[in-house]
Amino acid sequence: MQTALPKETERLVADPAPGISALPHDDNLRYFDVIIEGPGGSPFANGKFKLELFLPEEYPMAPPKVRFLTKIYHPNIDKLGRICLDILKDKWSPALQIRTVLLSIQALLSAPNPDDPLATDVAKHYKEDEKDAQRVSQEWTQKYAV
Amino acid sequence: MSAKVPRNFRLLEELEKGEKGIGDGSCSYGLEDGDDILMSNWNGTIIGPGHTVHENRIYSLKIFCGENYPDQRPDVQFVSRVNLPFVNQTNGKVDPTKLPVLSNWSRALSIENILVEIRKYVNFFYYFLATFARCCREMASFNNRKLPQPPEGSVF
C-alpha cells in the first residue's frame, strides 16, 4: 500500500485527465493542488476551479478528502467548498482512484443535483428558476474562477 | 508514511466536531464567518461554573488560526471581561507563555483542547476565590465572636 500511493500519483501527473490537473505538495505527498476546468456547455465553462485534495492515512480504504477553494454557485457545494458527492462518502470503494474522484467532481459541475443539496439556498434557486440560477453560476464563474 | 493532515482539512474536521457539540456542552466553538474559506477566525464560548445564585456565566473568546496552524498555536483572546492571571487586562489577549496548553503547543492539540483547559482554570480560580472569601468570612466571624471568659484570676 505504501508503494501504491506514489505510483498512482506518478500516473496522475504524467497522464492527467482532460481538463484536470493534480500536483502533490513537495513537503506532503498526500496533499494535492487540483485544478478542474468547468465543463463546456455548463454554466461553469471556461472557469478554472482550484481544489485541494488530501489522502488520509486510511486511503484507499477511506475516500480522499476534497474541497473547492474557488467560490462556486452550485447546489451540491457549500460556502466552504465542501462537496456533497456519494463516492466521497458512503459509496466510496477502494477500487476508485483520485482520477475517478476528480472526474466525478467535474461531472457534478455538468449535472447539479438540487434534490440532494448541501447549499440549500442555491438548490432552492435551481429548483425554482433553473435559468436564473445558471445565470448566477455563470456570473460567479466569470468573477471568481479565472 | 504517516499522514500529516494539512491545515484546511484539519480545521474542517474541527469545524464538524464543533458543529456536533463537544462533551457536556460547557464549551463550544465555530467559524466567525461561515463564508471564510480560509477558516482563520473562530468564536469560542465557555460556560463558567454553576452552583451559585449567579448561575452559569458565559465567556466569549476569539481564536485566530494562522496559515501555519496547527504546527503553530493559534492566538486566543477573551471578548468577555474576565480576571485571570493569563489574560491581559487591557485587551483580553491570552498570554501563551502562561497557559500550558499554548506554551506546550503541539499539532495534536486543538481549539477544543484550549477551551477545555481554559474552562478548568476559570473553574479553579472561581472555586479558589470562593473558598478564600468563605474562609475570610469565617475568620472574621471567629475573631468577632465574643467567647464568654471566666472572671480574671479564677482557678480550676
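**Close-up views of aromatic rings**

**View 1. A lysine over a tyrosine ring in chain A.** In this predicted model, A:Lys71 is placed over the face of A:Tyr144. The distance from the ring centre is 5.5 Å.

**View 2. A stacked pair that crosses between chains.** Over all chains, a search of the whole structure finds 11 aromatic pairs. One of them joins A:Phe54 and B:Phe9, whose ring centres are 6.1 Å apart. The planes of A:Phe54 and B:Phe9 meet at 25°, and planes under 30 degrees apart count as stacked, so this pair is stacked. The pair crosses between chains: A:Phe54 belongs to strand 3 (residues 48-54) of chain A, and B:Phe9 belongs to helix 1 (residues 7-20) of chain B. A:Phe54 has 1% relative accessibility and therefore counts as buried. B:Phe9, at 3% relative accessibility, also counts as buried.

**View 3. A tilted pair within chain B.** The ring centres of B:Tyr69 and B:Trp105 lie 6.0 Å apart. Because their planes stand at 40°, the pair is tilted. This contact links distant parts of the chain, with the two positions 36 residues apart in numbering. B:Tyr69 is found in the loop between strand 3 (58-64) and strand 4 (75-78) of chain B, while B:Trp105 is found in the loop between helix 2 (100-103) and helix 3 (111-144) of chain B. Both B:Tyr69 and B:Trp105 are buried.

**View 4. A cluster of rings from chains A and B.** Which residues do ring pairs link into a cluster with A:Phe54? They are A:Tyr31 and B:Phe9.

Notes. Residues numbered from 1 in each chain as written. Chains lettered and ligands numbered in written order. Predicted model: local features only at pLDDT ≥ 70, side-chain atom pairs only at ≥ 80, totals over all residues. Heavy atoms only, no water. Phe/Tyr/Trp six-rings, centres within 6.5 Å; stacked < 30°, edge-to-face > 60°. Helix = DSSP H or I, 4+ residues; strand = E, 2+ residues; numbered from the N terminus. Buried < 20%, exposed > 50% of the residue type's maximum accessible area, 1.4 Å probe, protein only. Lys NZ or Arg CZ within 6 Å of the ring centre and 35° of its normal.
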